[in-house]
Amino acid sequence: MSVLTRDEAQLRAQFLDVHHYTVELDLTTGAETFDSRTAIRFTARSDGDTFVELKPAELRSVTLDGQPLDPESLSEGRLPLKNLTAGAHELRLDAAMRYSRTGEGMHRFTDPSDGETYVYTQMFMDDVQRVFAAFDQPDLKAVFEVSVKAPEGWTVLANGVTDHRGDGLWRAAPTPPVSTYLVAVAAGPWHSVRTEHRGLPFGIHCRRSLAPHLDTDAEEILDITRACFDRYHEKFEEPYPFDSYDQAFVPEFNAGAMENPGLVTFRDDFVYRSAVTDTERQTRAMVIAHEMAHMWFGDLVTLKWWDDIWLNESFAEYMGYQTTAEATRFTDPWTEFGVTRKAWGYDADQRPTTHPVAPENVDDTASALLNFDGISYAKGASALRQLAAWLGEKDFLAGINTHFKRHRFGNATLADFIDSLASATDRDVPAWADSWLRTTGVDTLIPAIASAGGTCTLTADRTGSRPHRLTAGLYDHDVAGEGRLVLRERIDLDVPQTAPQPIGKRPALVLLNDGDITYAKVRFDAASFETVRTALSGLPDPLTRAVVWNALRDAVRDGELPPAAYLETARTHLPHETDLAVAQGVLAFAAGQLADQYLTPEDRPAALATLTSLCRDLLRRTEDGDHPGLRLIAVRHLISVAAHPETIAAWLADGTVPGGPELDPELRWRILARLAVLGATDEDAIAAELARDPSASGQEGAARCRAALPDPEAKHTAWEAMFAGDDLSNYLFTATAQGFWQPEQAELVRQYVPRFYPDAAAVAARRGPAIAVAAGRWAFPAHAVDTENLALGEACLRDADLTPALRRTLADRLDDLSRALNVRDGQRAEQGE
């Protein structure tokens with residue numbers, strides 16, 4: 001299939017005005033295909049040629065202004081429209097389209113719990129062509145009228161209010177002008193909870209088997225939705241621009257959510273069927289806020305071309321966290337952002353595949369798809385947070401509102417955005433944008449403390465080139481003892497500084513970027529590092545502790561802090577942690593990257609023992625029931641690092657952890673997966689658990705467990721399912737891949753390491769970007785931290801035929817592998833090997 005280039009899109013936008021689509025979908029024609037009929041009204045500004053995109057199973061007929069065109073002229077997803085005359089035209093197409101099992105186009109899912117079937121669209125980037133014909137680029141906005149014929153008993157959701165006309169026919173209200181990638185349909189026997197707010201219909205929807213779980217959380221979800229909606233109307237002068245607001249939790253969704261106007265789709269993992277922590281509920285609230293921000297930034301005002309995807313995602317990411325903090329009970333989401341999202345951005349920005357927040361070389365849609373990463377989301381949001389601090393919130397919002405007013409229901413570029421912001425301030429916004437949005441890499445901030453006459457000065461040295469507005473925290477030991485640190489003061493710094501900052505007597509700890517307002521790695525002077533090592537848990541604020549833990553994480557990844565030192569610090573201080581996001585983030589890094597990759601196989605058992613001991617301390621501390629979220633985190637991680645099966649097998653047999661919690665489906669599958677890794681369960685036990693939980697999540701759990709069994713036949717079966725057949729859905733592929741590679745089974749799966757690269761290339765070429773990313777991310781042999789694996793991967797990258805999605809994902813994974821090798825080499829050098 002051809003990809004659309006920027007040059008082609010610019011030429012087509014100069015040639016065409018697209019006014020109106022009538023889309024008729026028939027979902028009653030069978031399980032493999034659906035019918036799609038499209039009528040497009042458009043105007044050619046001059047005589048000439050163009051094309052329309054479509055990826056059908058069968059193109060049955062095409063007419064242009066009532067005259068038939070040859071369906072056989074369709075080639076690589078493009079139907080040529082030749083010899084158009086200047087003026088108005090109408091194009092009609094009738095096609096059969098294939099359902100998807102990879103979350104792209106029209107995804108079809110049959111719930112194993114009850115046999116009910118659901119379909120939904122994901123049109124992003126260029127997948128609208130899998131559903132109906134379109135002039136598919138974001139700056140050719142049009143009005144869409146969509147009708148759907150669905151089986152009896154189904155409900156159809158769309159961008160506008162839908163009504164049932166009888167005989168399974170549903171019609172959606174016409175949209176305002178929107179981009180093709182934002183059109184959405186979701187159909188099936190949905191369970192719905194409906195209400196109204198500020199005169200608009202609101203609804204939340206899920207598959208029927210999840211109805212009890214959605215009902216349990218419905219008021220929380222709707223309260224957050226209403227609170228964010230009201231807060232955005234306080235921030236934005238432009239009112240919500242669509243006629244309704246539905247949120248559908250859909251199965252096997254590739255992203256976290258998608259901002260379709262009036263019909264946001266979420267992965268239905270957000271309908272919690274097992275216990276979750278309050279931080280996970282906070283994440284759901286943030287995603288609700290994030291997607292709602294898109295209604296203005298992305299849907300009302302849309303990028304002109306995909307080089308400005310950050311305008312959509314960075315803005316929604318920033319607004320999602322900020323509005324969650326301002327409008328909901330979750331008042332400290334920036335701590336989770338610092339621990340989780342920002343680390344994602346830092347990692348992405350230090351790889352060879354890094355790119356500016358606002359790149360200039362996005363030449364086609366395949367290249368654009370690669371930029372949905374930690375840079376466009378986390379780094380871009382960090383840059384906007386820095387910009388808001390630099391401009392001030394009032395001028396920042398004034399510029400945003402100017403942008404909405406100037407470009408409502410239209411398209412805009414980075415230059416337009418900068419011009420709107422500049423109109424609200426005397427500051428040099430274009431210069432700021434050049435420094436922050438057109439550069440790559442992470443600056444590093446290093447404190448330099450000079451002492452003279454009993455007083456000290458602070459200079460924040462910088463490696464890098466960006467200006468930073470930040471806060472430095474000065475902390476002293478509490479005179480009452482008990483390991484506490486007290487904040488002496490926070491001082492504002494602009495880096496580069498014009499002069500050293502007086503700070504009085506030397507503090508026990510100087511922490512640059514306290515409050516995490518800027519985007520940079522942080523280092524410590526020697527005295528401050530000693531304070532961190534001995535008193536980190538004594539810092540009073542969780543966001544401050546998050547900044548410190550991120551600094552330690554970066555130092556490990558950069559080979560400046562031995563992994564064992566990080567583990568020792570975690571063992572000392574994490575048992576005293578109260579913030580769930582911090583505890584989860586530290587344990588995830590320690591168990592995932594440190595134990596599984598950075599430490600040598602010889603050192604791994606001791607690391608697992610340390611983490612087990614740490615988790616047991618957390619369990620003892622939470623026996624009183626006052627910290628259920630922290631206890632749940634400790635239970636999950638103790639299961640994941642268990643080196644011996646006896647304890648967790650007893651939990652599974654008893655159906656509970658002593659002192660709680662009782663085992664819900666998620667914990668039962670987690671334990672069974674670890675028992676599979678350790679060779680302490682079998683197919684009979686997996687089948688019995690699947691009979692107990694035959695849900696979609698249960699199917700994934702069983703696939704993960706079966707792939708994790710330390711048995712040659714189990715490994716062969718899992719490998720064939722992933723790479724030889726095309727039957728696995730995107731979620732079942734991922735679950736199988738997650739189970740397959742295990743550090744404990746390195747010898748058993750050694751033969752598959754060289755097979756991975758050609759097999760991944762082949763499946764990516766056959767099945768498309770979603771499976772390519774799943775293969776590169778989850779099926780990659782990350783446990784094999786050796787030069788042979790690295791050489792195999794580098795040779796694969798030299799293959800010119802790799803799909804762009806797989807190439808990018810592999811490049812990132814190989815960079816992580818190289819970093820792990822460097823860390824291991826550093827350990828060996830330190831040990832004198």
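This report covers a sheet, a helix pair and a pocket in a predicted model.

**Sheet.** An open sheet is built from 4 strands, ordered β8-β9-β14-β11, with antiparallel pairing. Its edges are β8 (105–110) and β11 (155–158), each of which pairs on one side only. From one strand to the next, the twist averages 10°. Strands β8 and β9 (residues 117–122) run antiparallel and are joined by 6 bridges. Within β9, T121 is the bridge partner of M106.

**Helix pair.** Helix α20 (residues 696–708) packs against helix α22 (residues 730–740) at an angle of about 30°, and the axes lie 7 Å apart. The crossing of α20 past α22 is right-handed. On the α20 side, the contact is made by Q699, E700, A703, R704, A707 and A708. The α22 side contributes Y731, L732, A735, T736, Q738, G739 and F740. By class, the residues of this contact are 7 nonpolar, 4 polar and 2 charged.

**Pocket.** The second largest pocket has a volume of about 510 Å³. Its lining comprises 26 residues, of which P601, A746, H783, A784 and V785 are the closest to the centre. The lining divides into 13 nonpolar, 3 polar and 10 charged residues. The elements that give two or more residues to this lining are tabulated below.

| Element | Residue range |
|---|---|
| α14 | residues 580–598 |
| α15 | residues 604–621 |
| α23 | residues 753–767 |
| α25 | residues 787–797 |
| α26 | residues 804–830 |

Terms used:
Residues are numbered from 1 along each chain as its sequence is written. This is a predicted model: local features need pLDDT of at least 70, side-chain atom pairs count only at pLDDT 80 or more; totals for chains, interfaces and linings use all residues. Side-chain values use heavy atoms; hydrogens and water are left out. Two strands pair if DSSP finds at least two bridges between them. Axes are lines fitted to C-alpha atoms, for helices over the stretch in contact, and angles run from 0 to 180 degrees between N-to-C directions. A crossing is left-handed if the near helix is turned anticlockwise from the far one by less than a right angle, and right-handed if clockwise. Contact means heavy atoms within 4.5 Å. Ala, Val, Leu, Ile, Met, Phe, Trp, Tyr, Cys and Pro count as nonpolar, Asp, Glu, Lys and Arg as charged, and the others, Gly among them, as polar. On a 1 Å grid over the protein atoms alone, a cavity is a set of points where a 1.4 Å probe fits but cannot get out, and a pocket is an open set with protein on both sides within 12 Å along at least five of seven lines; lining residues have an atom within 4 Å of a point. Grid points are joined across faces, edges and corners, and a volume is the space filled by probe spheres set on the points.
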